[in-house]
Amino acid sequence: MTWIRFSSWSLMGSLLATLPSLALSDEATLSLPALPEIIEVIQTHLPAIPQEDIDRAAIQGILTEFQSQLEIIPTRSNEATEPDSQSTALTRYYDSSIAYLASPIIDGAALAAIQQGYNRLESENILQGLILDLRHVSGSEYSELTKITGLFTNKSLPLLNWGEGIKNSEPQPTLIKTPLVALIDETTQGAGEALAALIRTAKLGILVGRQTAGEAHSYDEVPLKTGQTLKLATGSILLADGEKLGSAGVSPDIFVHKSSAIPENVSDSSNLEAQTPEEPLSIPSNDPILTRGFELIKGINIVKGRNRS
């Protein structure tokens, strides 16, 4: 049996924060009373508040306070679901020669989008580089990273350990040989951070942007009586050399001081749509991280061209 214990301080602060009629002054936060006592007072003096509302407020407060460590997964259906085709987007920018991929989560759909987009562009002989935008990327499907890294190397390289032993990259039928630049910042979490670390340690590409969130964890899942599952961050993610992906996050190779949000056409995962090669977009002027990534790939290709001449 797995026991989950929360301190009365955290629970009380979360409960009061989620009940708007019960303001918590700065002075009160220094010494919180016992949770059972507060609940008893609420029940006695505010009987109009149902017990289930108090319980719900407390749970919501806990999940908000510890959102990087706790998550409730809805009841899972026994029916198999198809991957959401709108969860990834491949868009060409800059002279129709540089591919751009943004995905809100690292999963099988992201793997398929990279493969399909690269094959489509490469068949036209126009692809000069790939930008992989890992900002606003999360997820905990670390097993998919072995396949994604296998798109960029034909070797079986030791990668990372998320609690199941060190896993190696899995070479894929599609081998991407063009320059790779990955964009990261403080919104890069979980599997997004792990992929960024692997791109560096396996020397697959260059990281551009800012420090990641430092929220890469391995998880335990505890079934609840409601049929839901409580997902808890209980372990660390280790790279092949034993280095831990800790709270400091992953540092970029090229630091960009000012960061803007992902361009509007790709920042909202609900609006992501795969775009055809006939729909190139201009580089957003308000996104210095993305701009730096494109400039870097452009520079790499200039140097390669000169070396061939």
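Start at L160, which sits opposite L239 of β11 in this predicted model. L160 is part of strand β5, residues 158-161, and two bridges tie β5 to β11, with the two strands running antiparallel. Step back a little and you see an open sheet of three strands, ordered β6-β5-β11 and paired antiparallel. β6 (167-168) and β11 (238-239) are the edge strands; each has a single partner strand, so one side of each has no neighbour in the sheet.

Now look at what else L160 touches. Setting aside neighbours within four places in sequence, its contacts include Y142, L145, I166, A194, L198, I237 and L239. Y142 and L160 are also the residues with the most contacts inside the largest nonpolar core, which has 39 residues. Several elements give two or more residues to this core: β3 (98-102), α4 (108-122), β4, α5 (143-149), β5, β7 (180-184) and α6 (191-201). Of these, α6 supplies the largest share, with seven residues. Apart from this core there is another one, made of 13 residues, with L183, V256, F294 and L296 among them.

Strand β4 deserves a stop of its own. It spans residues 129-133, and D133 is found there. Is D133 buried or exposed? Its relative accessible area is 2%, and buried means under 20%, so D133 counts as buried. The D133 side chain makes a polar contact with the side chain of R135, at 2.8 Å. For a link across the sequence, try V181: D133 and V181 are 48 residues apart in the chain, yet their C-alpha atoms are 8.4 Å apart in space.

Terms used
Residues numbered from 1 in each chain as written. Predicted model: local features only at pLDDT ≥ 70, side-chain atom pairs only at ≥ 80, totals over all residues. Heavy atoms only, no water. Helix = DSSP H or I, 4+ residues; strand = E, 2+ residues; numbered from the N terminus. Buried < 20%, exposed > 50% of the residue type's maximum accessible area, 1.4 Å probe, protein only. Polar contact = N/O pair within 3.5 Å; in protein donor to acceptor, adjacent residues only side chain to side chain. Pairing = 2+ DSSP bridges. Core = buried A, V, L, I, M, F, W, Y, C linked by side-chain atoms within 4.5 Å. Contact = heavy atoms within 4.5 Å.
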